[in-house]
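Trainee: Please take a close look with me at one part of this model, the way its helices cross, and then follow the chain outward from there to the neighbouring pieces.

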Amino acid sequence: MQASKSSKWESYAFKQNGEAPTPLFGELRDAEPIPSHALGPFANPVQAISTLTQAPDAIAMQSILTVASVATQAIADVESLQGVVPLSCFFLTVAQSGERKSACDSLATSEIDRIDKERVRVFHREIREHEAEKLEFQKRRRRSTPSDFDVIETDHDKERADLPPEPPLFPAIRISDPTIEGLFRQLENGTPSVAVMTDEGGQFFGGHSMKRENALKTAAGFSKLWDGAPLSRSRASAEPVWLCGKRVSLHLMIQPGVAQHVVGDPTMKDQGLLSRVLIAWPNSKIGSRIICKDTAQREQQDQAQRHLERFNTRVGGLLQLEMPLHLGTRSELNPKHLKLSGEARVALEVFYNRVERASGAGGAFEYLSGFAAKVPEMAARLAGIQSVFADEEADEVSLRVMENGIAIMEWYLSEMLRITDTGRPDQNLCDAETIRCWLEGNWAEEFIDKRTLMKKGPGHLRDGNTLSQCIQKLEAHGWLVRGSGTQVIDGANSKTFWHVVRRAGAK
């Protein structure tokens, strides 16, 4: 028999008309367009990657800015309102599978990957040569008498007795899957300027580094690296290590479910790591990336390739420069100081005051005070990156470039505000929202049951336990209302079913 519209449905109609269902979590508003006008030398390569991949512009921007940060961070530090700071930047990109995050990352980092391959090949040869030199040194030590190691004086210098040969430094720039301990070891034994870049950021946040017992140490360690502060490590089984003059850029790409956890993670907030990260969560372009093999599109792609080649050439040139090191060290950076012009400092001070006023009680950034406090410094970093990328001999940041840095940070401020406004849904809520959207967009009937959802619903949510939890959440929020009696659904009688509540205007 068919379920009749009894008082149950009358109460439902009242709820639908007078009490709208409760959203499962805050709605993520549409992202603002990226500030292309302020990207300076990066505007063309960002557009190039977006053209070649048809990915959102913001993903391309994140990848290009990361590479630019890596290419310049060893060359200079930049003056900010509170002192001199590194050019290193941390980025976090949020996008679902299929948004071509990996494609953007691959195009942007191709020159870094090429250089790493060449350097690692040379490194393996140098390691073999080092082993031979070390063996020869040990043989020479056994054959020598004490007098052979007396101090030798010449007209030009003084030489001490033979020291064992030093091993070559590991030269790779890119680190794809680090723990904080592994990163520490690479900075101790490798090049002093590196980048942590991966399109599998979920493995980082869900892996060893961010387990409860390690999360505090990892967040604190990365915060120090962003600051450019010295790092120390003391172990009972090894000599203490003190690392100075290291630079690290960071870019992690994660999916929305992971992002909601990261944005709300109290450890990341308490340690200040989240306030040091520039986040982008662009609107999806899936479904609109149509290939049109016409002359105009081919010309756009050819031009994009040329822009990208010029970007890669510049990145390669900067990374091949000899790093400025402290005298007597092999891997302690001593970058030059990039000053702010008088006009640039005034512009940054005005920006600082504007952000500070909006960070107080009742202000737009009241709940982003940690991030907002670092926004002026980040504007200086981005301006410094543009200055050095355009000219490695630059000794100051101009007003025009500082205005670019400020405009970019205004975009990141609005993006952080937009993201944090959504709250922190757990995975069950995210799954329930997926079911709700499927029902709204793919199920035109008035009623639904669990059997039909398991047969036709979203493929990754068709197990019984997950569906039961989703249905429970949707009932609690008013998007499903349990029916009574029997209803024919998808050609079969069902005694346990729900009336589907849709938003106004949905089919």
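Mentor: The crossing of H5 and H11 is right-handed, a term used when the near helix is turned clockwise from the far one by less than a right angle, whereas an anticlockwise turn would make it left-handed. The model is a predicted one, in which local features need pLDDT of at least 70 and side-chain atom pairs count only at pLDDT 80 or more, while totals for chains, interfaces and linings use all residues. Residues are numbered from 1 along each chain as its sequence is written, and side-chain values use heavy atoms, with hydrogens and water left out.

Two packed helices are described by the angle between their axes and the distance between the axes. For helix H5 (residues 110-143) and helix H11 (residues 295-319), the axes come within 9 Å and cross at roughly 40°; the axes are lines fitted to C-alpha atoms, for helices over the stretch in contact, and the angles run from 0 to 180 degrees between N-to-C directions. H5 and H11 are therefore oblique to each other, given that angles under 35 degrees count as roughly parallel, over 145 as roughly antiparallel, 65 to 115 as roughly perpendicular and the rest as oblique. The labels follow DSSP runs numbered from the N terminus, with helices (H or I) of at least four residues and strands (E) of at least two.

On the H5 side, Ser-110, Glu-111, Ile-112, Ile-115 and Arg-119 meet Asn-312, Val-315, Gly-316 and Leu-319 of H11, where contact means heavy atoms within 4.5 Å. The residues of this contact between H5 and H11 divide into 4 nonpolar, 3 polar and 2 charged; Ala, Val, Leu, Ile, Met, Phe, Trp, Tyr, Cys and Pro count as nonpolar, Asp, Glu, Lys and Arg as charged, and the others, Gly among them, as polar.

A second helix pair can be described in the same terms. The axes of H2 and H4 come within 10 Å and cross at roughly 135°, and that angle makes H2 oblique to H4. H2 passes H4 in a right-handed crossing. The contact is made by Ile-49, Leu-52 and Thr-53 of H2 and by Ala-103, Cys-104, Leu-107 and Ala-108 of H4, a set that divides into 6 nonpolar, 1 polar and no charged residues.

The loops beside these two helices deserve attention to their backbone. Most residues other than glycine have a negative phi. Gln-54, although not a glycine, has a positive phi of about 60°, and its place is in the loop between helix H2 (43-53) and helix H3 (57-72). Arg-100 is likewise not a glycine and has a positive phi of about 70°; it is found in the loop between strand E3 (90-94) and helix H4 (101-108). Gln-54 is buried, with a relative accessible area of 18%, while Arg-100 counts as partly exposed at 33% relative accessibility; buried means under 20% relative accessible area, exposed over 50%, and partly exposed in between (1.4 Å probe, protein chains only). Within helix H4 itself, Ser-102 counts as partly exposed at 38% relative accessibility, and its C-alpha atom is separated by 8.6 Å from that of Thr-198, 96 residues away along the chain.

Further along there is an open sheet of 4 strands, with the order E2-E1-E12-E13 and mixed pairing. Strand E2 (83-86) and strand E13 (396-397) stand at its edges with a single partner strand each, so one side of each is left without a neighbour in the sheet. Two strands pair if DSSP finds at least two bridges between them: 3 bridges join E1 to E12, which run parallel, and Asp-77 stands opposite His-337 in E12. Strand E12 (residues 336-340) is joined to E13 by 2 bridges, and these two also run parallel, with Val-397 in E13 as the bridge partner of Leu-340. H12 packs on the sheet, touching strand E1 (76-80), E12 and E13, and its direction makes about 75° with that of E12.

The loop between helix H12 (342-357) and helix H13 (369-390) holds Ser-359, which is buried, with a relative accessible area of 16%. Leaving aside neighbours within four places in sequence, Ser-359 is in contact with Phe-365, Glu-366 and Ala-372.

As for the whole protein chain, its secondary structure comes to 17 helices and 18 strands, and buried residues make up 47% of its 507 residues.
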